[in-house]
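Q: I would like to learn how to read the features of a model of this kind, one at a time. Could we work through them together, with the general idea placed before each case?

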Amino acid sequence: MAKDQDTGISQPNKFGTFGGVFTPSVLTILGVILFLRYDVVVGNAGMWGALMILVLAKLFTFITTLSLSSISTNMQVKGGGSYYLISRSIGVEFGGVIAVFFYIALALSVAMYVIGFTEALLLAFPDLGLSFTILATLTNIIVFIFVFIGAGWTIRVQYFILALLLLALGSYAVGAWEQASPELLSKNLQPDWTAGHSFFTIFALFFPAVTGIMAGVNMSGDLKNPGRSIPKGTFAAIGFTFLIYGAIAILMAASSPRKNLVGDVMVMHEKAWYGPLIYVGVIASTLSSALGSMMGAPRILQAFGRDNVFKRLKYFALGSGSSNEPRRAIVITFVLAQMGVMAGDLDTIAPIITMFFLLTYGTINLASFYEGISGNPSFRPTFKYNHWSVSLLGAVGSLCIMLLISWVWALVAIILAGGLFLLITRAELIVQWGDVHSGIAYQQARKALLRLEKESYHPKNWRPSILTLSGIAGSRMHLVRYARLLSAGRGVVSLAQIISGELENLNTRRREAEKLMRNFIREKDLPAFPVVVVDESFADGLKALLQTHGIGGVRPNTLLLGWSNDPEKNRTFSTILSLAKKMEYSCLILHSQNKEETWNPPSGAINIWWTDASNGPMMLLLGYLLKRNRAWRDCPLRILRPVKPKADMENVKREMQEMLTKGRIEADILVLPTEEPLEAVRNTMTPSAVLFAGFEPADEDPGGVLLTFMKEIVDLPGDVIMTYNAGDISLEA
């Protein structure tokens with residue numbers, strides 16, 4: 001029985017892909033549009049037009065699901081569905097907007113589906129003797145009771161509803177197939193628009209039918225493996241319902257005259273093998289959609305309340321029972337739904353509900369776009385089949401569809417969302433001065449630095465911020481080269497020079513040295529910052545550099561220096577390492593075979609000599625970043641793990657593989673049984689482009705024991721980077 005890390009509450013009875021994602025998504029997609037409006041779509045657009053509308057609508061949801069899969073496989077997904085995914089990706093401001101509006105949309109959707117259920121029930125049984133409002137209220141109460149009891153009971157009910165729905169579709173398929181004719185099909189292939197309709201109006205009429213892809217995502221906190229179930233179940237639901245809608249379009253075009261398709265006749269009931277089963281299908285689809293919305297909405301409110309964005313919503317964060325059911329949130333959702341039921345007709349607010357759904361889909365795509373384009377090393381989704389450009393297309397597509405359906409309601413939704421965003425962020429008016437471009441850039445940098453200052457550090461946001469002791473501009477190109485490669489466009493590189501001597505005579509030299517460094521950076525087009533420090537001694541200058549360089553949250557976390565075989569520099573070398581350790585800097589010591597300015601990337605593998613779990617994560621992450629450079633993409637990433645000959649090698653390899661899976665990094669694992677680790681690595685590493693090997697600086701090393709040990713390693717073939725991790729790195733982040 002696992003415990004949720006946020007709540008500490010046990011989470012039994014979690015659901016798999018079929019019950020938790022596929023079933024609720026399919027039941028929401030196969031809704032009232034299919035039974036009551038799809039004939040109008042086919043009648044106006046013709047078979048080819050209907051299929052084109054279907055493909056376009058499904059393409060949008062497919063793109064959104066690509067973005068959804070990227071985000072959901074890059075984190076440990078917990079309760080809160082779309083709110084959790086968005087807030088953890090691009091911030092609580094966007095997430096808060098989605099939490100409020102998507103919750104309201106889902107709560108009012110319960111009322112819409114309950115009303116649809118009631119209308120279908122009265123159509124099938126006109127002599128029930130109950131008024132519309134009473135019957136709708138009773139239906140809403142039943143839906144509330146099912147969900148209040150628990151998600152497990154509701155999921156089991158949905159299995160039964162899915163069976164009824166498929167039975168109804170089967171009844172129509174059999175009946176329509178028996179009455180199909182090639183003549184009717186040929187007449188219904190092309191569009192024939194009725195008054196007031198066009199391709200765009202019919203597309204707007206059909207589109208709500210495909211907006212059920214978030215039904216499974218809303219159950220994220222109740223899934224056994226959200227990162228696996230959300231992509232797999234949602235894609236399966238999209239594909240399955242695409243086939244059903246495509247088949248129904250063909251059957252409608254082949255079995256019904258156009259006047260019936262666009263008229264008042266309920267075509268699916270008329271052509272079904274057993275007509276009453278169609279009423280069963282309508283009733284089942286509306287009831288299942290109501291159950292899905294009643295399950296999803298409270299979980300979003302619960303997660304939002306747990307984050308304490310608005311203190312008054314904290315009340316709804318508390319869960320009930322061992323499965324953490326959001327019963328407080330379920331009650332308020334029932335009240336909101338009942339208010340919609342009492343209104344009786346939700347046609348006036350239905351468009352804005354659709355807008356809130358589209359806002360959610362657009363923000364999901366926007367979150368994936370920002371994650372992809374940011375280059376954050378922590379963005380390593382196990383779902384590989386997406387690109388930020390596709391996500392951007394999905395975000396733009398969301399806006400276009402909103403405007404296509406209703407530009408008025410789209411504008412209302414955007415204004416309301418923007419107002420709530422401003423309320424959450426409490427944004428200040430941006431002041432600009434001087435050159436407009438530099439003014440905006442300065443303000444953005446200022447706001448970003450201030451926000452970083454307020455944020456607490458999390459290993460997810462670790463980036464290689466490398467302070468490189470490169471000396472005089474251009475004198476140590478191998479250090480500059482590797483600093484750029486290891487940052488991989490994700491971190492910050494500083495090129496540092498320390499000048500020692502009399503301070504009063506060095507100020508002019510400092511300015512000149514910094515100017516030379518800045519010109520060097522500009523000429524080589526390096527993504528780096530210059531820093532020159534002057535002090536009476538090298539050690540004092542190093543202390544000042546390590547303590548003061550950087551601003552706010554943009555401070556170096558890693559010191560890069562070159563290996564020297566000069567015995568006279570050993571004392572200085574030991575001093576640098578000791579100071580870096582005391583000041584909690586990670587250290588990289590580079591021994592490169594090529595120190596010239598002209599350089600070709602070495603061939604061979606990126607080898608990680610794994611000795612312990614302290615330095616290992618940093619070496620592996622740096623190897624991953626190194627491989628992100630274009631010239632290194634074909635270099636295999638390998639872990640060399642020496643172990644004692646009697647060690648359980650299969651278990652060691654399995655543990656390493658589990659670590660790689662959790663870290664979302666692909667690498668080959670070579671377990672080396674040996675009593676001589678150095679020789680085993682030497683014999684196995686070739687061909688080697690670069691070898692990462694761990695070490696720990698000594699507080700004091702008067703005898704040079706550490707340097708002797710390091711000398712044996714740096715003499716190995718190829719380039720060698722000795723690595724010391726001061727902490728704050730997690731592969732699972």
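Q: How should I read the accessibility of Glu679: is Glu679 buried, partly exposed or exposed?
A: In this predicted model, the class follows from the relative accessible area, with buried meaning under 20% and exposed over 50%. Glu679 has a relative accessibility of 37% and therefore counts as partly exposed.

Q: Which residue forms a salt bridge with Glu679, and how many residues apart are the two in helix H24?
A: The pair is judged by the separation of a side-chain nitrogen and a carboxyl oxygen, which must be within 4 Å. Arg682 is the partner of Glu679, and their closest N and O atoms are 3.6 Å apart. Both belong to helix H24, residues 677-685, and because they are three residues apart there, about one helical turn separates them. Arg682, at 29% relative accessibility, counts as partly exposed.

Q: What follows helix H24 in the loop before strand E9?
A: Here the peptide bond itself is the feature to read, through its omega angle. Pro687 lies in the loop between H24 and strand E9, the latter covering 688-694, and the bond that joins Thr686 to Pro687 is cis, with omega at about -5 degrees.

Q: How many salt bridges are there by this rule, and which residues are linked in a network?
A: The count comes to six salt bridges, and a network of them links Arg510, Glu514 and Arg518. Within that network, Glu514 pairs with Arg510, with the closest N and O atoms 3.3 Å apart. Both residues lie in helix H19, residues 507-523, where four residues, about one turn of the helix, set them apart. Arg510 is partly exposed, its relative accessible area being 23%. Another of the salt bridges joins Asp715 and Lys711, whose closest N and O atoms are 2.6 Å apart; Asp715 counts as partly exposed at 41% relative accessibility, and Lys711 is partly exposed at 33%.

Q: How should I read a positive phi, and where is Glu584 found?
A: The residue type, the place in the chain and the accessibility can be read together. Glu584 is not a glycine, yet it has a positive phi of about 60 degrees, and it is found in the loop between H21 and strand E5, which covers 586-591. Glu584 counts as exposed, with 66% relative accessibility.

Q: Is Arg664 buried or exposed?
A: Arg664, which likewise has a positive phi of about 60 degrees although it is not a glycine, is found in the loop between helix H23 (649-663) and strand E8 (668-673). Arg664 counts as buried, because its relative accessibility is 10% and the cut-off for buried is under 20%.

Q: What span should helix H21 have, and how far apart are its end C-alpha atoms?
A: The idea is to compare an expected length with the distance between the ends. At 1.5 Å a residue, the 13 residues of H21 (570-582) should span 18 Å, and the end C-alpha atoms are 18 Å apart, which agrees. Buried residues in H21 are Phe573, Ser574, Ile576, Leu577, Ser578, Leu579 and Ala580.

Q: Which residues have the most contacts inside the largest nonpolar core?
A: A core is read from its extent, its contact-rich members and the elements that supply it. The largest nonpolar core has 122 residues, and those with the most contacts inside it are Phe35, Tyr38, Tyr172, Phe206 and Tyr245. Helix H2, residues 32-72, gives the most to this core, with 16 residues. A second, separate core of 50 residues includes Ala488, Tyr624, Val652 and Ile665. Beyond its neighbours within four places in sequence, Tyr245 is in contact with residues including Ile29, Leu34, Tyr38, Phe206 and Ala209.

Q: Which helix gives the most to the nonpolar patch on the surface?
A: A patch is read from its area, its members and the elements that carry them. This one covers about 810 Å², and among its members are Leu399, Leu403, Trp407, Ile414 and Leu416. Helix H15 (388-405) and helix H16 (407-425) each supply at least two residues, and H16 gives the most, with seven. Ile414, placed in H16, is partly exposed with a relative accessible area of 36%.

Q: How many helices and strands does the chain have?
A: The secondary structure comes to 25 helices and 10 strands. Of the 733 residues, 53% count as buried, and the chain exposes about 33,000 Å², of which carbon and sulfur atoms supply 59%.

Key: Residues numbered from 1 in each chain as written. Predicted model: local features only at pLDDT ≥ 70, side-chain atom pairs only at ≥ 80, totals over all residues. Heavy atoms only, no water. Patch = residues over 30% accessible without salt bridge, like charges linked within 9 Å, V, L, I, M, F, W, Y side chains within 5 Å. Areas by Shrake-Rupley, 256 points an atom, 1.4 Å probe, with all protein chains shown as cover. Buried < 20%, exposed > 50% of the residue type's maximum accessible area, 1.4 Å probe, protein only. Core = buried A, V, L, I, M, F, W, Y, C linked by side-chain atoms within 4.5 Å. Contact = heavy atoms within 4.5 Å. Expected span 1.5 Å × (residues − 1).
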